Amino acid sequence: MSYARVGVVTGANKGIGYAIVRQLALQYPHSPLNRGPLLIYLTARDTQRGESAVSSLGSDPALRQAKALASDGGLTSIRFHPLDIASSASISTFAAALAKEHPDGIDFVINNAGMAMDGFDINVVKTTLACNYHGTLAATRAFLPLLTKPDGGRIVNVASSAGLLNRYSRSIQERFLHAKSVDDVTSLMDEFTAAVERGTERAEGWPSAAYATSKAGEIGMTLQIAEELKRQGKTEVLVNVCCPGWVVTDMTKGRGHKTPDQGAQTPVMLAIGDIEGKSGKFWRDEVEISWGG
């Protein structure tokens, strides 16, 4: 079967990622990007859980009733592919498979995969940054060359309002806000790690918070990639970052005030909605917000 559109959702076997895939299937028929059949790659680290998620979506009552899936005569097909964004080899393998399977390019990527660990020490910091910051950066870099359709493509990185800058010293806030490159943001992540190793992060203006700092880095990195593309004249590729809100998931330990489907709305809008060509913005509740908090 040939597909008019191809999209990728990472970390999609449960929670917000699963809901994103579900909402993409439900909303795509009404999307301005609808040009015909859509293929969504649902990715996850665990093959069994990923394949189970695809199977569950295939029997989802709302999708069945809406006839959203190709199996019911709709537009969307969902295919599992393993992906661990903390592994450069896994990212490279998946990107190569996409390039081979879709030589004309893909249309959007929603980088939702991430992690939050209990406690705070140097191991928590390094593990969290390896996934949430360095892994998301590597995945974004790997997928960008695949967005080669004539009408462009979209990257949506799912971060968090935990990454707002009001938790940092004024000097660190200024360095985030006035970064000139991805390397500048990576240097900040490295400095945070070094400060934690010394036990001086608070004295140096950082919060003792691995997840929040990783998400500040993810926001900053995404905005810098958008600026890179603008400087290169690649304005047809839109790169944005968003907060889904406080969603009831395993990551929030069941706390929150949004359902996963509600949390999926902003990332889905940024992937397939009419966003008037906006790129390099931070979004929450379907509107742009200030990163400075």
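## F143 and the nonpolar cores

In this predicted model, F143 touches T10, L83, F94, L98, V109, N111 and I155, leaving aside residues up to four places away in sequence. F143 also belongs to the largest nonpolar core, which has 54 residues. Within that core, F143 and F176 have the most contacts.

Which elements each supply at least two residues of this core? The strands are β1 (5-9), β2 (38-44) and β6 (237-243). The helices are α4 (88-101), α5 (122-143), α6 (170-177), α7 (182-198) and α8 (210-231). Another core lies apart from this one. That second core has 38 residues, among them I40, A53, L69 and A271. In soluble globular proteins, nonpolar side chains tend to be buried together.

## The sheet

The protein chain has 10 helices and eight strands. Eight strands form an open sheet, and its pairing is mixed. The order is β3-β2-β1-β4-β5-β6-β7-β8. At the edges stand β3 (76-82) and β8 (287-288), each pairing on one side only.

Several pairings can be followed strand by strand. β1 and β2 run parallel, joined by five bridges. There, R5 stands opposite L38 of β2. Strand β4 (residues 108-111) pairs with β5 in the parallel sense, over four bridges. I110 faces V156 of β5 as its opposite.

## Strand β6

How many of the seven residues of β6 are buried? Seven of the seven are, so β6 is largely enclosed by the rest of the structure. V237, V239, V241 and C243 point one way from the strand. L238, N240 and C242 point the other way. In a regular strand the side chains alternate between the two faces of the sheet.

β6 has parallel partners in β5 and β7. Six bridges join β6 to β5 (residues 153-158), and the two run parallel. R154 has L238 of β6 as its bridge partner. Three bridges link β6 with β7 (residues 282-284), again in parallel. On that side, V241 stands opposite F282 of β7.

## Strand β1

β1 is also buried along its length: five of its five residues count as buried, so the strand is largely enclosed by the rest of the structure. R5, G7 and V9 point one way, while V6 and V8 point the other. Arginine R5 is thus among the buried residues of β1.

## Helices on the sheet

α8 lies across β4, β5, β6 and β7. The helix runs at about 165 degrees to β6. Helix α10 (residues 265-272) packs on the sheet as well, touching β4, β5, β6 and β7. Its direction makes about 165 degrees with that of β5.

## Two helix residues: T193 and A97

T193 is found in helix α7. Is T193 buried or exposed? T193 has a relative accessible area of 14%. Buried means under 20%, so T193 counts as buried. Its contacts are I122, V125, K126 and L129, not counting residues up to four places away in sequence.

A97 sits in helix α4. This alanine is partly exposed, with a relative accessible area of 31%. That value falls between the 20% cut-off for buried and the 50% cut-off for exposed. A97 and R5 are 92 residues apart along the chain, and their C-alpha atoms are separated by 16 Å.

## The chain as a whole

How does the radius of gyration of the protein chain fit a compact globule, and what is its value? The chain has 18 Å. With 293 residues, a compact globule would have a radius near 19 Å, so the two agree. Along its principal axes, the C-alpha trace spans about 60 × 45 × 35 Å.

Of the 293 residues, 53% count as buried. Contacts across the sequence carry much weight: among those with a separation of 6 or more, 74% join residues 24 or more positions apart. The exposed surface is about 12600 Å², and carbon and sulfur atoms supply 49% of it.

Definitions and conventions: Residues numbered from 1 in each chain as written. Predicted model: local features only at pLDDT ≥ 70, side-chain atom pairs only at ≥ 80, totals over all residues. Heavy atoms only, no water. Core = buried A, V, L, I, M, F, W, Y, C linked by side-chain atoms within 4.5 Å. Buried < 20%, exposed > 50% of the residue type's maximum accessible area, 1.4 Å probe, protein only. Contact = heavy atoms within 4.5 Å. Pairing = 2+ DSSP bridges. Rg over C-alpha atoms; globule rule 2.2 N^0.38 Å. Areas by Shrake-Rupley, 256 points an atom, 1.4 Å probe, with all protein chains shown as cover. Axes fitted to C-alpha atoms, helices over the stretch in contact; angles between N-to-C directions.
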